[in-house]
Amino acid sequence: MLALTGTVLAVQANFYRVMLDHAFRLELLDELGQNTSQIIDELLCTRRARLKKIGQQICVGDRVTIEEPDWHGKRGAISEVAARRNLLDRPTVANVDRILLVFALAEPSLDPHQLSRFLVKAESTQVEVLLCLNKRDLVSDELWQTWRDRLKSWGYPPVAISTYTHEGINELAQHLQTGVTVVAGLSGVGKSSLINLLIPNLQVRVGEVSQRLGHGRHTTRHVELFALPAGGYLADTPGFMQPNLTVIPQELADCFPEAKQRLSAGDVCHFNNCLHRRDEPNCLVRGDWERYEHYLAYLEEAIAYQQKLKNTATADSSLKVKDASDGKQQEPRLLKKRYRRESRRSEHQNLDEELD
Ligand SMILES: Nc1nc2c(ncn2[C@@H]2O[C@H](COP(=O)(O)OP(=O)(O)O)[C@@H](O)[C@H]2O)c(=O)[nH]1
Ligand SMILES: [Mg+2]
Ligand SMILES: [Zn+2]
């Protein structure tokens, strides 16, 4: 039998809703003995025990193979998960083709620092970024054109839309007809309104602010892919993209199209570990581009983040040493004093080692 393949749209407890690549026509006899047919394009699936055993997770966006379809019950079992091209987190979506970043031109007014941060965060996933500016109806032609030119110079020619006048919606839709698009952006910019226009029979609630946890962070509500009428899938992910940057310092320049462009002709900075700071000798990236200041600020953040990771790693390894009181694991010398006081057994161990 031909293997069935599909895309995971949603994960609910131990069930996976899978959209089939090829719909199946089910022939039925109705109560009057007439032939009718039903098209089945989705199956509710479980995961084969073998996959569970090897710890294979199944995420929204995963490409899967299905066995034992039960067409009447619209059920099946996932037997295989294809290797992922990428995996975004918070919330988890696999095989993402682009991030559609939605900002508003007004209400709330467009903050260049906030936008820049979202752009860098989106770039750090290495997925294509498409920028869309909503609420075009609220601003003058002049203001829109100023933003358009400014963002072009950042490397992001924006698509202007208005979910009120429908300006730009068709143009935007054309960019989304293939693959998986993840919609990201702050609350209030018009993401739900946009999704309702793109997928008319869905009707997501507009004006709904995603729930907040006690610490003012958005909850990661469950994520689901929706099929677009002209092809492609859309995911609305309120929890996506926390503002903190987790890029490593050496890769930060790759998150700025302006910086990448300066290195694109095969040219390199004088030092191959150049971080493109102001005082670096013969640096090609340093220059009078608008977001160079942002780059420098985020660089310090990235360095601080890397340092924090290193500290956490050290703390972790000291924990491991503590647990290894059976003496099988070699402990770093620095930790010995503390270790020795903890148990007599480890004391002996340490003495033995010191005799070596
Ligand atoms: N003026 C204007 N308001 C809009 C537009 N799109 C959405 N809004 C309004 O902006 C608010 C937030 O919209 P919503 O779709 O819930 O944004 P979300 O939080 O990003 O999902 C609502 O009051 C919408 O009516 C637009 O194109 N123009
Ligand atoms: Mg919304
Ligand atoms: Zn440099």
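Reader: At the start of α2, which backbone nitrogen does a side-chain oxygen of Asp 111 reach?
Author: That oxygen comes to within 2.9 Å of the backbone nitrogen of His 113. Please keep in mind that this is a predicted model.

Reader: How many residues does helix α2 have, and how far does it reach?
Author: Helix α2 covers residues 112-123, which is twelve residues. From its first C-alpha to its last it reaches 16 Å, close to the 16 Å expected at 1.5 Å a residue.

Reader: Is α2 largely enclosed or largely open?
Author: Helix α2 is largely enclosed by the rest of the structure, because nine of its twelve residues are buried. Among them are Pro 112, Leu 115, Phe 118 and Leu 119. The buried set also includes Lys 121 and Glu 123.

Reader: And Arg 117, is that one buried or partly exposed?
Author: Arg 117 is partly exposed, with a relative accessible area of 22%. The cut-off for buried is under 20%.

Reader: Which side chain does Arg 117 meet in a salt bridge?
Author: Its partner is Glu 301, at 2.6 Å from N to O. Glu 301 belongs to helix α7 (residues 292-323) and Arg 117 to helix α2, so the salt bridge ties together parts that are 184 residues apart in sequence. Glu 301 is partly exposed as well, with a relative accessible area of 30%.

Reader: How many salt bridges does the structure hold?
Author: There are 16 of them. Another one joins Arg 291 and Glu 258, whose closest N and O atoms are 2.8 Å apart. Arg 291 sits in the loop between α6 (257-262) and α7, while Glu 258 is in helix α6, 33 residues away. Both of these residues are buried. In addition, Arg 17, Glu 42 and Glu 224 are joined into one network by salt bridges that share partners.

Reader: What about Glu 128: with which residue does it form a salt bridge?
Author: Glu 128 pairs with Arg 98, and their closest N and O atoms are 3.9 Å apart. Glu 128 lies in strand β9 (residues 128-134) and Arg 98 in strand β8 (residues 98-104), so far as sequence is concerned 30 residues apart.

Reader: Are those two buried or partly exposed?
Author: The two partners differ in class: Arg 98 is buried, with a relative accessible area of 7%, whereas Glu 128 is partly exposed, at 47%.

Reader: Let me change topic. Which residues are the protein donors of the zinc ion (ligand 3)?
Author: They are Cys 269 (SG), Cys 274 (SG), His 276 (ND1) and Cys 283 (SG), and they lie 2.0 to 2.4 Å from the zinc ion. Along the chain, these donors follow the spacing C-x4-C-x1-H-x6-C.

Reader: Why is the arrangement around the zinc ion tetrahedral?
Author: The arrangement is tetrahedral because the four donor atoms subtend angles of 103 to 114 degrees. The criterion is that all angles lie between 85 and 135 degrees. For comparison, the ideal angle for four tetrahedral donors is 109.5 degrees.

Reader: Are Cys 274 and His 276 buried or exposed?
Author: Cys 274 is buried, with a relative accessible area of 9%. His 276 also counts as buried, at 8% relative accessibility.

Reader: Now the loops. Where is Asn 86 found?
Author: Asn 86 is in the loop between β5 (75-81) and β6 (87-88). At 18% relative accessibility, Asn 86 counts as buried.

Reader: What is Asn 86 in contact with?
Author: Leaving aside neighbours within four places in sequence, Asn 86 is in contact with Val 93, Ala 94, Asn 95, Val 96 and Val 127. A polar atom of the Asn 86 side chain lies 2.7 Å from the backbone nitrogen of Val 96.

Reader: And Ala 13, buried or exposed?
Author: Ala 13 is exposed, with a relative accessible area of 70%. This residue is found in the loop between β1 (4-12) and β2 (15-29). Ala 13 and Thr 46 are 33 residues apart in sequence, and their C-alpha atoms are 9.9 Å apart in space.

Reader: Finally, the whole protein: how many helices and strands are there?
Author: The secondary structure comes to nine helices and 13 strands. The protein has 356 residues, of which 42% count as buried. Among contacts with a separation of 6 or more, 61% are between residues 24 or more positions apart.

Terms used
Residues are numbered from 1 along each chain as its sequence is written. Chains are lettered from A and ligands numbered from 1 in the order in which they are written. This is a predicted model: local features need pLDDT of at least 70, side-chain atom pairs count only at pLDDT 80 or more; totals for chains, interfaces and linings use all residues. Side-chain values use heavy atoms; hydrogens and water are left out. Helices (H or I, at least four residues) and strands (E, at least two) are DSSP runs, numbered from the N terminus. The expected span of a helix is 1.5 Å times one less than its number of residues. Buried means under 20% relative accessible area, exposed over 50%, partly exposed in between (1.4 Å probe, protein chains only). A polar contact is a pair of N or O atoms within 3.5 Å; within protein, one must be able to donate a hydrogen and the other to accept it, and residues adjacent in sequence count only if both atoms are side-chain atoms. Donors are N, O and S atoms within 2.8 Å of the metal (3.2 Å for Na, K and Ca); water is not among the atoms, so sites may look incomplete. Four donors count as tetrahedral if all angles lie between 85 and 135 degrees; four count as square planar and six as octahedral if opposite donors are over 155 degrees apart and all others between 65 and 115; anything else is irregular. A salt bridge is a side-chain nitrogen of Lys or Arg within 4 Å of a carboxyl oxygen of Asp or Glu. Contact means heavy atoms within 4.5 Å.
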